[in-house]
Amino acid sequence: MSKRKTERLLGLVVCLLSTGRYLTADQIRQAVPGYPEQDDLFKRMFERDKEDLRDLGVPLETGLNHPFDDDPGYRVRQQAYELPELRLEADEAAVLGLAARVWQRAELAGAAAGALLKLRAAGMDEGNEQPVAQAIEPRLGTPEPAFGPLWEAVRDRRPVTFSYRAAGRSEAQRRELEPWGVVNRHGRWYVAGRDRGRDGTRVFRLGRIAGPVKFCGPPGSVTVPDGADVRELVRNWDSAPAREHSAVLRVRSGAGVGLRRHAVSVCADEAGPPGWDLVTIRFADVGSFADYAARLGPDAVVLDPPDLREAVIARLKGVLA
C-alpha cells in the first residue's frame with residue numbers, strides 16, 4: 001500500500017471516528033485530504049477505500065441522520081472500534097509501555113491532525129472529549145536524524161546513500177545501501193541490508209551516520225532476500241568484539257579522573273610542561289572517544305593517534321564556532 005493511500009485511509013478513519021453523526025460522501029471529500037475533485041474519480045476511489053476499511057476490520061456503518069435525508073452517510077462508532085478491556089501480565093504491560101514510548105514521531109501523524117482540523121473548520125462536532133488522533137496516532141522518536149528517511153526507505157523498498165564513520169575511523173565514507181530493516185538493540189538504532197559498494201550484507205549504526213540520508217533509487221527497487229533476519233544480523237554484528245586502539249594523552253595533574261581510572265598507564269610527562277601527566281588508554285571507537293576527550297577541554301591534549309587528535313580538534317573548533 002502506497003504512502004499516499006495509507007495517509008488517506010488513516011485520515012478517513014479519523015474523520016469517521018471524530019463525529020457522532022453520519023457524514024455524507026461529499027462532506028468526507030471536503031474533510032479528508034487526498035481525494036480528487038472529479039466526481040467520477042472520487043466515487044470510484046471512495047468505494048475502494050470503503051472496501052479496504054472493511055477488509056481491515058474497521059466497523060464502517062452506513063445510515064441516515066434524519067429519515068428525510070437523501071444521501072446516506074458513514075461513521076465509525078468508537079465503541080465498536082475500540083478493543084475490549086485487556087488484562088495484561090506485568091511483562092506484557094512493560095513491553096507495551098516501551099513501545100508507546102518509542103513511537104513518538106511517525107510519517108502519518110500529519111494526516112490525522114489534518115482531518116481533525118478540517119472537521120472543526122467545517123463546524124462538525126468531534127463528539128469526544130479526548131481527540132481521537134491522540135488515541136490512534138502512531139509516534140516514533142529517536143535522537144538520530146537518519147531514522148526518518150531510513151524507515152521510509154525500508155517501507156518503500158528503495159536504496160539510500162549516506163556518509164558513514166566506521167568504528168576506528170575519523171573520516172566518514174560514502175556508502176550505498178539496499179536497506180532491509182531498522183531495529184533497536186540495547187538502546188541503539190541500526191540498519192541492515194546489502195552494501196552495494198562492498199557487494200555484501202552490512203550493518204550500520206545510525207549514530208555513526210554523518211549528514212543526510214538520500215534516496216538513490218525508485219520505490220520497489222530493493223528486494224529483501226527470503227529468510228533475512230535483520231534482528232539476528234544486528235545481534236551478531238553487535239556481539240562481535242570491538243577492535244581496540246591505543247591513545248596517548250597529556251592530562252593536567254588532578255584532572256581526568258575517569259580517564260586515569262581506565263588507563264593502561266599513567267606517568268609524569270618529563271618532556272613536557274610541569275604539572276602534566278602522560279596517560280595511555282585503550283578505546284574502540286574514534287568518534288565516541290573523541291567526544292569524551294573533547295569534554296575535558298583544556299585539561300587534556302591528544303598526542304596520538306593522529307586521527308583521534310584531528311577528531312578532537314574538529315569538535316573543539318565546532319564548539320568555538
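**Strands, cores and salt bridges in a predicted model**

Reader: Which residue in S12 does arginine 250 stand opposite?
Author: The model is a predicted one. Arginine 250 belongs to the uncovered face of strand S9, residues 245–252. S9 and strand S12 (residues 300–304) run antiparallel and are joined by four bridges. Across from arginine 250, in S12, stands valine 301.

Reader: How many bridges join S9 to strand S11?
Author: Strand S11 covers residues 276–283 and runs antiparallel to S9. One facing pair sets phenylalanine 283 in S11 opposite histidine 245. The number of bridges joining S9 to S11 is eight.

Reader: Which residues make up the covered face of strand S9?
Author: The residues of S9 are divided between two faces. Ser246, Val248, Arg250 and Arg252 are on the uncovered one. That leaves, for the covered face, His245, Ala247, Leu249 and Val251.

Reader: Is threonine 280 buried or exposed?
Author: Threonine 280 lies in strand S11. Not counting residues up to four places away in sequence, it touches Ser246, Ala247, Val248, Ala263, Val264 and Ser265. The cut-off for burial is under 20% relative accessible area. Threonine 280 has 19% relative accessibility, so it counts as buried.

Reader: What arc do the buried residues of helix H11 cover around the axis?
Author: In helix H11 (residues 286–294) the buried residues are Val286, Gly287, Phe289, Ala290, Ala293 and Ala294. They lie on the same side of H11, because the arc they cover around the axis is only 165°.

Reader: Which elements are included in what covers the buried residues of H11?
Author: Val286, Phe289 and Ala293 are among the buried residues in question. The cover includes strands as well as helices. Included are S9, S11, S12, helix H10 (257–261) and helix H12 (306–320).

Reader: Which helix gives the most to the largest nonpolar core?
Author: This core has 19 residues, and those with the most contacts inside it are Leu12, Leu16, Ile28, Tyr35 and Phe46. At least two of its residues come from each of helix H1 (3–17), helix H2 (25–31) and helix H3 (39–55). With six residues, the one that gives the most is H1. Apart from this core lies another, of 18 residues, with Val286, Phe289, Ala300 and Val312 among them. For the largest core, then, the name is H1.

Reader: Which residues does isoleucine 28 contact, leaving aside its neighbours within four places in sequence?
Author: Isoleucine 28 is one of the residues with the most contacts inside the largest core. Leu12, Leu16, Tyr35 and Phe46 share that listing. With the sequence neighbours set aside, the contacts of isoleucine 28 are Leu12, Leu16, Leu23, Tyr35, Phe46 and Tyr74.

Reader: What separates arginine 29 and aspartate 26 along helix H2?
Author: The two side chains meet in a salt bridge, N to O 3.4 Å. Arginine 29 is buried at 18% relative accessibility, whereas aspartate 26 is partly exposed at 38%. They are three residues apart in H2, so the separation is about one helical turn.

Reader: How many residues apart are arginine 196 and glutamate 176?
Author: Their side chains form a salt bridge of 2.7 Å, N to O. The pair links distant parts of the chain: glutamate 176 is in strand S5 (residues 173–185), and arginine 196 is in the loop between strand S6 (188–195) and strand S7 (200–205). Arginine 196 is partly exposed at 28%, and glutamate 176 is partly exposed at 31%. Their separation in the chain is 20 residues.

Reader: Which residues are linked in a network of salt bridges?
Author: Side chains of opposite charge can pair when their charged atoms come close. Aspartate 199 and arginine 194 do so at 3.1 Å, N to O. Aspartate 199 is exposed at 56%, while arginine 194 is partly exposed at 27%. The linked residues are Glu176, Glu178, Arg194, Arg196 and Asp199.

Reader: How many disulfides does the count come to?
Author: A disulfide is a covalent bond between the sulfur atoms of two cysteines. Cysteine 15 is buried at 0% relative accessibility, and cysteine 216 is partly exposed at 31%. The disulfide count comes to zero.

Definitions and conventions: Residues are numbered from 1 along each chain as its sequence is written. This is a predicted model: local features need pLDDT of at least 70, side-chain atom pairs count only at pLDDT 80 or more; totals for chains, interfaces and linings use all residues. Side-chain values use heavy atoms; hydrogens and water are left out. A nonpolar core is a set of buried Ala, Val, Leu, Ile, Met, Phe, Trp, Tyr and Cys residues joined through side-chain atoms within 4.5 Å. Buried means under 20% relative accessible area, exposed over 50%, partly exposed in between (1.4 Å probe, protein chains only). Contact means heavy atoms within 4.5 Å. A salt bridge is a side-chain nitrogen of Lys or Arg within 4 Å of a carboxyl oxygen of Asp or Glu. Two strands pair if DSSP finds at least two bridges between them. A disulfide is a pair of cysteine sulfur atoms within 2.5 Å. The arc is that of the directions from the helix axis to the C-beta atoms.
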